[in-house]
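Please open the structure in your viewer and keep the selection tool at hand. The tour below goes stop by stop, saying what to select and what is there.

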Amino acid sequence: MSDKNISGAASYEQLDSTRLKSVHSKLAVAEEDAYYNEASINNYGYEIDTEEGYPYPEECEEGFKFCKSKKKPYVQRSRSILEEDAFPEIVLTAAEARKCLNRIGQVGSGLIYAFVQIDIDHRSLTNIEEIINFKYLSFINVSHNNLSLDALDVLRELEYVVVVRADHNNVDSLCLSPMPYLQVLTLNSNRVSSLSGLKQPSLECLELNDNNISSLFQVSSRKYNKNYCNEEIACPNLSTLALSRNALDTVEEFVILSNQLRILYLSYNKITKLNGLGDLQNLSRLHLRGNQISDLDGFTDNLKYLSYLNLRENRLSDVEELNKLVCLKSLKTLVVSDNNFSNISIRSKVLKLLPWLERIDKGTVSKAEYESEKIDENEDQEDEEEE
């Protein structure tokens, strides 16, 4: 391979769009964390269930990518107005950018190679305009800097962006210009207050853990720059959404956001009611740990694909509320520990109601346990008939 065929400059022939569309199946998320077991990580960097137990350590089961290395959720970084104004202007230089290019891929007809990945994290940058000189970048990591929305929006000049990681910055809105191939966007620990203005036609995975979100849509009383961004949301392909550790109190708006949602992380919010949940007909995984839920109204047989439900650390106290989960015929894993139930055997109660479960809390349901509960249930029915 000659040096003249390796570059990030803008002089190469146009990249075939079909080649880019196939990138989804080869996302670099698992590759970036190669020291982890690739078999247990899906395309978006979230671990999936295994036969051994929880997909995450107990304190991290809501799915934070950061927990993989830190073993605990990261702490949200907050800034005062004075601190924000005090950020010195730190500009990404051409020399620094070149040092951060670390992956080469085939572009165009496949005979030319160019840099497709850049990692410029932990540099306190406020300006990354230099990045647009590398036109074929697809995987971009600018986490742990001081980037504002305007600073991040220069990525609109890069036509082939697929993954953007911009955690721990100073972004306060999702009004980024649409990027036609963007499929993964992470903005954990920023200052985002709503999802208004989100317009990414190909986006499938969005992480907004540890922000200031109390509503999916911009509160009308707040001032909004209508010339730059309106409040509409256009994200039709969104399937994975992580909003843990925010201030949401309802799930009613999610169906408006996308009817394609399959995986939803809402741990440690302020949710009390689950009205409207049944509208999310494609939901397969739902994390509601650490909320304020006291009843289970909202679950319906419309949730025919829901296989994982985490209700740990809520305010459930009436065991009869569990009867409202009988409609979930595809449910395989249910987590209800650390609620306010009495000392009765919740596991036994759950297994009688939902005999198709494979896991309750941390324990796998064994065949012997299932058979034992089935025998007990038959005996109870016989006693009732005799009476």
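Leaving aside neighbours within four places in sequence, which residues is Ser194 in contact with? Select Ser194 together with Leu174, Ile213, Ser215, Leu216, Phe217 and Gln218: these are its contacts once those neighbours are left aside. Keep in mind throughout that this is a predicted model.

**Stop 1: Ser194 and Asn209**

Ser194 is found in the loop that runs between strand S6 (184-186) and S7. Ser194 counts as buried because its relative accessibility is 4%, and the cut-off for buried is under 20%. Show the side chain of Ser194 and follow it to the backbone nitrogen of Ser196, which it reaches at 3.2 Å.

Next select Asn209, in the loop between strand S7 (205-207) and strand S8 (240-242). Is Asn209 buried or exposed? Its relative accessibility is 1%, so Asn209 counts as buried. Add Asn190 to the selection: the two residues are 19 apart in sequence, and their C-alpha atoms are 8.6 Å apart in space.

**Stop 2: strand S3 and its partners**

Colour strand S3 (112-119). Of its 8 residues, 7 are buried, leaving the strand mostly covered. Strand S2 (residues 101-107) pairs with S3 in the antiparallel sense, over 6 bridges. To see one position across this pairing, select Ile104, which stands opposite Phe115 in S3. The hairpin of S2 and S3 has 4 residues between the strands, and Gly108 there takes a positive phi near 60°.

Now add strand S4 (residues 139-141), which pairs with S3 in the parallel sense over 3 bridges. Here Asp119 stands opposite Asn141 in S4.

**Stop 3: the nonpolar cores**

In soluble globular proteins, nonpolar side chains tend to be buried together. How many residues does the largest nonpolar core have? The number is 83, and the residues with the most contacts inside this core are Leu195, Phe254 and Phe299. Elements giving two or more residues to it are strand S3 (112-119), helix H6 (149-152), helix H7 (254-257) and helix H8 (346-353). H8 supplies the largest share, 4 residues.

Centre the view on Phe254. Leaving aside neighbours within four places in sequence, Phe254 is in contact with Leu216, Leu241, Leu243, Leu248, Leu261, Leu264, Leu266 and Leu280. Another core lies apart from the largest one; it has 12 residues, including Val107, Ala114, Tyr181 and Cys205.

**Stop 4: aromatic rings**

The count of aromatic pairs comes to 2. Select Tyr136 and Tyr160, which form a stacked pair with 5.7 Å from centre to centre and 15° between the planes. This pair links distant parts of the chain, 24 residues apart: Tyr136 is in the loop between S3 and S4, and Tyr160 is in the loop between H6 and strand S5 (163-165). Tyr136 counts as buried because its relative accessibility is 0%. Tyr160 is buried too, with a relative accessible area of 2%. Add Tyr181, and the selection holds one aromatic cluster of Tyr136, Tyr160 and Tyr181.

**Stop 5: charges over rings**

Finish with two arginines. Select Arg245 and Tyr268: the charged end of Arg245 sits over the ring of Tyr268, 4.3 Å from its centre. Then select Arg285 and Tyr308, where Arg285 lies over the face of Tyr308 at 4.3 Å from the ring centre.

Conventions. Residues numbered from 1 in each chain as written. Predicted model: local features only at pLDDT ≥ 70, side-chain atom pairs only at ≥ 80, totals over all residues. Heavy atoms only, no water. Core = buried A, V, L, I, M, F, W, Y, C linked by side-chain atoms within 4.5 Å. Buried < 20%, exposed > 50% of the residue type's maximum accessible area, 1.4 Å probe, protein only. Contact = heavy atoms within 4.5 Å. Pairing = 2+ DSSP bridges. Polar contact = N/O pair within 3.5 Å; in protein donor to acceptor, adjacent residues only side chain to side chain. Phe/Tyr/Trp six-rings, centres within 6.5 Å; stacked < 30°, edge-to-face > 60°. Lys NZ or Arg CZ within 6 Å of the ring centre and 35° of its normal.
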